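Please look over the sequence and the 3D structure below, and then follow the explanation one step at a time.

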Amino acid sequence: MTREDELFRRMGQGESDAAQELIAMYYPEILRYCAWNAPNRSLAEDAAQETFLKAIRHFDSYVHRGKFRAFLYQIALHTCIDMQRKKWMSDVGYEQMTKEPAYREDGYESVDDGLQIRQMVRNLPGELQEIVLLRYGQELTMREIAQIMNLPLRTVQSRLRSALKKLRRELGEEGRDDYLDQ
């Protein structure tokens with residue numbers, strides 16, 4: 001039995017601290033995901049919090065089959081899209097994103113490492129951006145990405161290859177195999 005399964009069992013028995021532990025387990029990676037989609041830390045935190053509020057709100061309709069992580073990513077994806085549609089987020093330049101905030105949330109440190117890659121990925125079409133972000137930013141498997149995006153596995157693989165090809169072209173390293181191939 002996984003830790004997630006154990007927490008769901010405890011929540012089914014009415015233990016409220018199990019829900020808090022489940023949120024704490026996934027908060028850093030959902031925050032990191034939202035940070036890739038938001039122009040600043042504050043909006044990323046808002047998006048992550050909104051993701052968990054929506055998850056709790058729809059918790060009664062969720063049937064646990066060991067795929068809660070994918071469920072959270074789907075909610076985070078739609079939350080970030082909604083925020084972008086509502087113009088809550090605006091593009092921020094690289095210089096502004098590198099300013100050191102006074103306070104950092106746990107798990108946020110690793111976000112700063114990929115700012116240049118983030119700018120390149122933002123130049124990709126939307127569906128390719130999302131696949132690259134989920135694969136390399138969140139280190140999800142192809143199968144998990146297919147599940148989150150409701151796409152066939154082969155489509156995800158094809159789109160990832162296409163995105164990597166475009167990124168290599170932008171880098172001017174068409175033939176070079178590096179971390180993008182992993």
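Which residues touch the most other members of the largest nonpolar core? In this predicted model, that core has 49 residues, and the ones with the most contacts to other members are I30, Y33, C34, F68 and L134. Helix 1, helix 2, helix 3, helix 4, helix 6 (115-122), helix 7, helix 8 and helix 9 are the elements that each give two or more residues to this core. A general tendency is worth keeping in mind here: in soluble globular proteins, nonpolar side chains tend to be buried together. To see what the contacts of one core member look like, consider I30, which touches A48, T51, F52, L72, Y73 and A76 when residues up to four places away in sequence are not counted.

With the core in mind, the chain as a whole can be described. The chain contains 9 helices and 0 strands, and reading along the sequence therefore gives the pattern α-α-α-α-α-α-α-α-α. Of its 182 residues, 41% count as buried. If one takes the contacts in the chain with a separation of 6 or more, 61% of them are accounted for by residues 24 or more positions apart. The chain exposes about 10500 Å², and carbon and sulfur atoms supply 48% of that area.

One helix can serve as an example of how an element takes part in this packing. Helix 4, made up of residues 68-85, has 18 residues and reaches 26 Å from its first C-alpha to its last, which is close to the 26 Å expected at 1.5 Å a residue. Its buried residues are F68, A70, F71, L72, Y73, I75, A76, L77, T79, C80 and M83. These buried residues pack against helix 1 (3-12), helix 2 (16-37), helix 3 (41-57), helix 7 and helix 8. When looking at the positions in that list, it helps to recall that an α-helix has 3.6 residues a turn, so residues three or four places apart point the same way.

The cysteines deserve a separate look. A disulfide is a covalent bond between the sulfur atoms of two cysteines, and a search of the whole structure finds 0 of them. Why is C34 not bonded to C80? The closest cysteine sulfur to that of C34 is the one in C80, and because the two sulfurs are 4.0 Å apart, they are too far from each other for a bond. The cut-off behind this reasoning is that the two sulfur atoms must lie within 2.5 Å. Both residues are shielded: C34 is buried, with a relative accessible area of 0%, and C80 also counts as buried, at 3% relative accessibility.

Charged side chains follow another kind of pairing. Side chains of opposite charge can pair when their charged atoms come close, and a search of the whole structure finds 9 salt bridges. Several of these involve R10, which counts as buried at 11% relative accessibility. R10 forms a salt bridge with E15, where the closest N and O atoms are 2.8 Å apart, and E15 itself is partly exposed, at 30% relative accessibility. R10 also meets D17 in a salt bridge with an N to O distance of 3.2 Å, and D17 is partly exposed, with a relative accessible area of 43%. In addition, R10 forms a salt bridge with E21, where the closest N and O atoms are 3.4 Å apart. Because R10 lies in helix 1 and E21 in helix 2, this last pair ties together parts that are 11 residues apart in sequence. E21 counts as partly exposed, with 31% relative accessibility. Salt bridges that share partners join R3, R10, E15, D17 and E21 into one network.

Finally, the backbone has two places to examine. Most residues other than glycine have a negative phi. E139, however, has a positive phi of about 60° although it is not a glycine, and its place is in the loop between helix 7 (126-137) and helix 8 (142-149). Is E139 buried or exposed? With a relative accessible area of 62%, E139 is exposed, because residues over 50% are counted that way. N150 likewise has a positive phi, of about 55°, although it is not a glycine. N150 is found in the loop between helix 8 and helix 9 (153-171), and at 64% relative accessibility N150 counts as exposed.

Definitions and conventions
Residues numbered from 1 in each chain as written. Predicted model: local features only at pLDDT ≥ 70, side-chain atom pairs only at ≥ 80, totals over all residues. Heavy atoms only, no water. Helix = DSSP H or I, 4+ residues; strand = E, 2+ residues; numbered from the N terminus. Buried < 20%, exposed > 50% of the residue type's maximum accessible area, 1.4 Å probe, protein only. Expected span 1.5 Å × (residues − 1). Contact = heavy atoms within 4.5 Å. Core = buried A, V, L, I, M, F, W, Y, C linked by side-chain atoms within 4.5 Å. Areas by Shrake-Rupley, 256 points an atom, 1.4 Å probe, with all protein chains shown as cover. Salt bridge = Lys/Arg side-chain N within 4 Å of Asp/Glu carboxyl O.
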